[in-house]
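Please look at the chain below with its surface in mind, and then read the points that follow, which are grouped by topic.

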Amino acid sequence: MPEVERKPKITASRKLLLKSLMLAKAKECWEQEHEEREAEKKRYLAERIPTLQTRGLSLSALQDLCRDLHAKVEVVDEERYDIEAMSGMEGRKKMFDAAKSPTTQ
């Protein structure tokens, strides 16, 4: 049986046009999602973090405020470090256990 050459159902120019339209729509959706994410982030931060009132504070009050903020930052950094260290240890432990146990095939 001779092989019949099939004619494409869609032309190359039409295919290229559709690709470009799909890419444009995907870019538009991505930008909108990015804007929504930024707006959500701003809303969340505004809700969780009160505005800092420094007007009218004396020098000693400002220094106390700075000390409090530095202490809070240190606590958060220590917690972040502990979490990263624990997750790293867990990951290494899992890799070690996986390497130690024979693989079933």
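In this predicted model, Glu74, Glu78, Glu79 and Asp82 form a negative patch on the surface. One member of that patch, Asp82, belongs to helix α2, and with a relative accessibility of 45% it counts as partly exposed. The points below move from the other surface patch to the chain as a whole, then to its charged pairs and its cysteines.

**The nonpolar patch**

- A nonpolar patch on the surface is made by Ile10, Leu17, Leu18 and Leu21, which together have about 310 Å² of accessible area.
- Leu21, one of these residues, is found in helix α1, which covers residues 12-48.

**The chain as a whole**

- The chain contains two helices and zero strands, and helix α2 covers residues 59-100.
- How much of the chain counts as buried? Of its 105 residues, 0% fall into that class.
- About 10,900 Å² of the chain is exposed, and carbon and sulfur atoms supply 60% of that area.

**Charged pairs**

- Side chains of opposite charge can pair when their charged atoms come close.
- How many salt bridges are there in the model? The count comes to seven, and three of the pairs are described in the points below.
- Glu28 and Lys25 form a salt bridge in which the closest N and O atoms are 3.8 Å apart, a distance that qualifies because the cut-off for such a pair is 4 Å.
- Both Glu28 and Lys25 lie in helix α1, where they are three residues apart, or about one turn of the helix.
- Glu28 counts as partly exposed because its relative accessibility is 46%, and Lys25 counts as partly exposed because its value is 47%.
- Arg43 and Glu40 meet through their side chains in a salt bridge with an N to O distance of 2.5 Å, and because these residues are three apart in helix α1, about one helical turn separates them.
- Arg43 has a relative accessible area of 40% and is therefore partly exposed, while Glu40, at 41% relative accessibility, also counts as partly exposed.
- In helix α2, Arg80 forms a salt bridge with Asp77, and the closest N and O atoms of this pair are 3.6 Å apart.
- Arg80 is partly exposed, with a relative accessible area of 44%, and Asp77 counts as partly exposed at 36% relative accessibility.
- Arg80 and Asp77 are three residues apart, which is about one turn of helix α2.
- Turning to pairs that are linked to one another, Glu40, Arg43 and Glu47 are joined into one network by salt bridges that share partners.

**Cysteines**

- How many disulfides does the model have? The count comes to zero.
- Cys29 is partly exposed, since its relative accessible area is 38%.
- Cys66 also counts as partly exposed, with a relative accessibility of 41%.

Definitions and conventions: Residues are numbered from 1 along each chain as its sequence is written. This is a predicted model: local features need pLDDT of at least 70, side-chain atom pairs count only at pLDDT 80 or more; totals for chains, interfaces and linings use all residues. Side-chain values use heavy atoms; hydrogens and water are left out. Patches are made of residues with over 30% relative accessible area and no salt bridge: like charges are joined within 9 Å, nonpolar side chains (Val, Leu, Ile, Met, Phe, Trp, Tyr) within 5 Å. Accessible areas come from the Shrake-Rupley method with a 1.4 Å probe; for residues, only the protein chains shown count as cover. Helices (H or I, at least four residues) and strands (E, at least two) are DSSP runs, numbered from the N terminus. Buried means under 20% relative accessible area, exposed over 50%, partly exposed in between (1.4 Å probe, protein chains only). A disulfide is a pair of cysteine sulfur atoms within 2.5 Å. Lys and Arg count as positive and Asp and Glu as negative; His and the chain ends are not counted. The place of a charge is taken as NZ of Lys, CZ of Arg, CG of Asp or CD of Glu.
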